[in-house]
Amino acid sequence: MTDVRTDLSAHLSATGVEGDLAELLLKIAASCVDIRKVVSGGALAGALGASGNVNVQDEEQKKLDVISNDILTDNLLALPLVAGVASEEMDNCQPAKHDGGKFLVLFDPLDGSSNIDINAPVGTIFSVLAAPSGEITDAAFLQDGRKQLAAGYVLYGGQTMLVLTTGSGVAGFTLSLDGQWLLTHADIKISPDTKEFAINMSNQRHWAEGVQTYVAGCLQGAEGGRGKNFNMRWVAAMVADVHRIMMRGGVFLYPWDKREPNKPGKLRLMYEGNPMSFLVEQAGGKSTTDGRNAILDVTPTQLHQRVPVILGSANEIEEIAACCGV
Ligand code: AHG
Ligand code: MN
Ligand code: MN
């Protein structure tokens with residue numbers, strides 16, 4: 001029997017996303033198929049290990065960070081409709097050499113870099129904005145999260161999946177063995193309640209009191225005030241942790257902590273926080289800095305700005321807000 005599933009192109013057209021935005025999203029998806037090939041090749045594709053450089057955030061770049069960044073940058077800047085790109089692995093944005101592009105694309109080309117060499121899940125995150133008129137500089141990218149035209153991620157896991165929003169819900173596509181993105185998860189919704197949380201417990205001593213209180217309540221389980229047992233997961237790749245929450249609910253926290261007061265959290269607003277928040281809100285979840293205030297309402301001031309992240313199942317985020325007193 002032939003598979004009659006809808007492919008990405010047909011889904012975009014059926015949901016009213018046509019023309020230039022559809023062309024751009026198909027190019028991003030195709031670029032991620034190229035990244036998938038390198039990820040799958042691992043040692044055979046020269047994809048493991050350090051590149052020998054550090055990025056502008058003083059983090060060691062892995063070979064795969066650089067390869068993935070080059071694939072997306074080269075493919076996107078070759079499109080006449082792209083005016084510029086910016087990413088975790090670039091000091092500053094790269095404007096296109098041509099005029100007339102109408103979109104800006106921000107990306108985390110390879111999320112979960114510490115997983116590369118252990119063959120654990122990694123991903124790509126992207127955010128699409130309208131290009132303002134005039135010269136494309138870093139300032140052109142500093143647009144409010146609510147202005148995103150599209151956002152998504154690709155998870156290079158047991159299956160390769162694209163999860164996408166253009167502002168009318170969230171759809172998931174699985175990459176078939178013959179290289180097609182087929183709609184497998186129409187209208188993804190995050191369950192409002194959960195018994196699963198995700199946080200890097202090794203940072204516990206650095207957390208603020210409210211997060212300490214929340215996690216302590218989860219750990220007390222059925223014997224504590226929450227009256228139920230909790231499970232804990234941490235994949236160390238935001239894409240994989242958010243994908244689990246998309247599939248079965250949960251909360252993910254990379255909260256503010258007191259280690260470096262000038263770095264409010266670890267994750268980056270423009271290519272991690274904002275695109276994931278757009279997806280989570282479109283799936284009916286909440287994505288906040290503190291349990292209450294939406295990440296999408298944070299005013300961007302720098303390309304590599306960091307933001308605390310507390311997102312996931314809506315009712316559980318309310319529990320966190322109550323613990324945090326916001
Ligand atoms: P990246 O690999 O793009 O730098 O992002 C890694 C991020 C995020 O994906 C993950 O949730 C978090 O860092 C893991 O941090 P810890 O290693 O501190 O757990
Ligand atoms: Mn990342
Ligand atoms: Mn990354």
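Donors are N, O and S atoms within 2.8 Å of the metal, and water is not among the atoms, so sites may look incomplete. The legends below describe close-up views of a predicted model.

**Figure 1. Protein donors of the manganese ion (ligand 2).** Three residues supply the donors: D108 (OD), D111 (OD) and E272 (OE), which lie 1.9 to 2.1 Å from the ion. Along the chain these donors follow the spacing D-x2-D-x160-E. Distant parts of the chain are linked by the pair D111 and E272: D111 belongs to strand β5 (residues 103-111) and E272 to helix α7, 161 residues apart. D111 has a relative accessible area of 5% and is therefore buried. E272 is also buried, because its relative accessible area is 1%.

**Figure 2. Coordination of the manganese ion (ligand 3) and the bridge to the manganese ion (ligand 2).** The manganese ion (ligand 3) is coordinated by E88 (OE), D108 (OD) and L110 (O), at 2.2 to 2.3 Å. The spacing of these donors along the chain is E-x19-D-x1-L. The manganese ion (ligand 2) and the manganese ion (ligand 3) lie 3.8 Å apart, bridged by D108. D108 has a relative accessibility of 0%, so D108 counts as buried. L110, with a relative accessibility of 1%, counts as buried.

**Figure 3. Helix α7 (residues 269-282) and the residue G284.** Of the 14 residues in α7, 12 are buried, and the helix is mostly covered. The buried residues include L269, M270, Y271, G273, N274 and P275. Also among them are M276, S277, F278, L279 and V280. E272, which supplies an OE donor to the manganese ion (ligand 2), is another buried residue of α7. Just after the helix, G284 takes a positive phi of about 90°.

**Figure 4. Packing of helix α2 (residues 19-41) against helix α3 (residues 63-77).** The two axes come within 9 Å and cross at roughly 150°. Angles over 145 degrees count as roughly antiparallel, so α2 is roughly antiparallel to α3. The crossing of α2 past α3 is right-handed. On the α2 side, the contact involves L24, K27, I28, S31, D34, I35, V38 and V39. These residues meet L64, I67, S68, I71, L72, N75 and L76 in α3. By class, the contact of α2 with α3 comprises 10 nonpolar, three polar and two charged residues.

**Figure 5. Packing of helix α5 (residues 209-220) against helix α8 (residues 314-324).** The helices pack at an angle of about 130°, and their axes are 7 Å apart. At that angle, α5 is oblique to α8. α5 passes α8 in a right-handed crossing. G210, V211, T213 and Y214 make the contact from α5. From α8, the contact is made by E316, E319, I320, C323 and C324. The residues of the contact of α5 with α8 comprise five nonpolar, two polar and two charged.

**Figure 6. Surroundings of S313 in the loop between β15 (309-312) and α8.** S313 has a relative accessibility of 0% and therefore counts as buried. Not counting residues up to four places away in sequence, S313 touches I190, S191, P192, D193 and T194, among others. G249, G250 and V251 are also touched by S313.

**Figure 7. Position and contacts of E60 in strand β2 (residues 60-62).** With neighbours within four places in sequence left aside, E60 is in contact with A50, N53, V54 and D65. E60 and G112 are 52 residues apart in sequence, and the C-alpha to C-alpha distance between them is 13 Å.

**Figure 8. Position and contacts of D144 in the loop between α4 (138-141) and β7 (150-156).** D144 has a relative accessibility of 34%, so D144 counts as partly exposed. Beyond its neighbours within four places in sequence, D144 is in contact with T299 and P300. D144 and T288 are 144 residues apart along the chain, and 14 Å separates their C-alpha atoms.

Technical notes:
Residues are numbered from 1 along each chain as its sequence is written. Chains are lettered from A and ligands numbered from 1 in the order in which they are written. This is a predicted model: local features need pLDDT of at least 70, side-chain atom pairs count only at pLDDT 80 or more; totals for chains, interfaces and linings use all residues. Side-chain values use heavy atoms; hydrogens and water are left out. Axes are lines fitted to C-alpha atoms, for helices over the stretch in contact, and angles run from 0 to 180 degrees between N-to-C directions. Helices (H or I, at least four residues) and strands (E, at least two) are DSSP runs, numbered from the N terminus. Angles under 35 degrees count as roughly parallel, over 145 as roughly antiparallel, 65 to 115 as roughly perpendicular and the rest as oblique. A crossing is left-handed if the near helix is turned anticlockwise from the far one by less than a right angle, and right-handed if clockwise. Contact means heavy atoms within 4.5 Å. Ala, Val, Leu, Ile, Met, Phe, Trp, Tyr, Cys and Pro count as nonpolar, Asp, Glu, Lys and Arg as charged, and the others, Gly among them, as polar. Donors are N, O and S atoms within 2.8 Å of the metal (3.2 Å for Na, K and Ca); water is not among the atoms, so sites may look incomplete. Buried means under 20% relative accessible area, exposed over 50%, partly exposed in between (1.4 Å probe, protein chains only).
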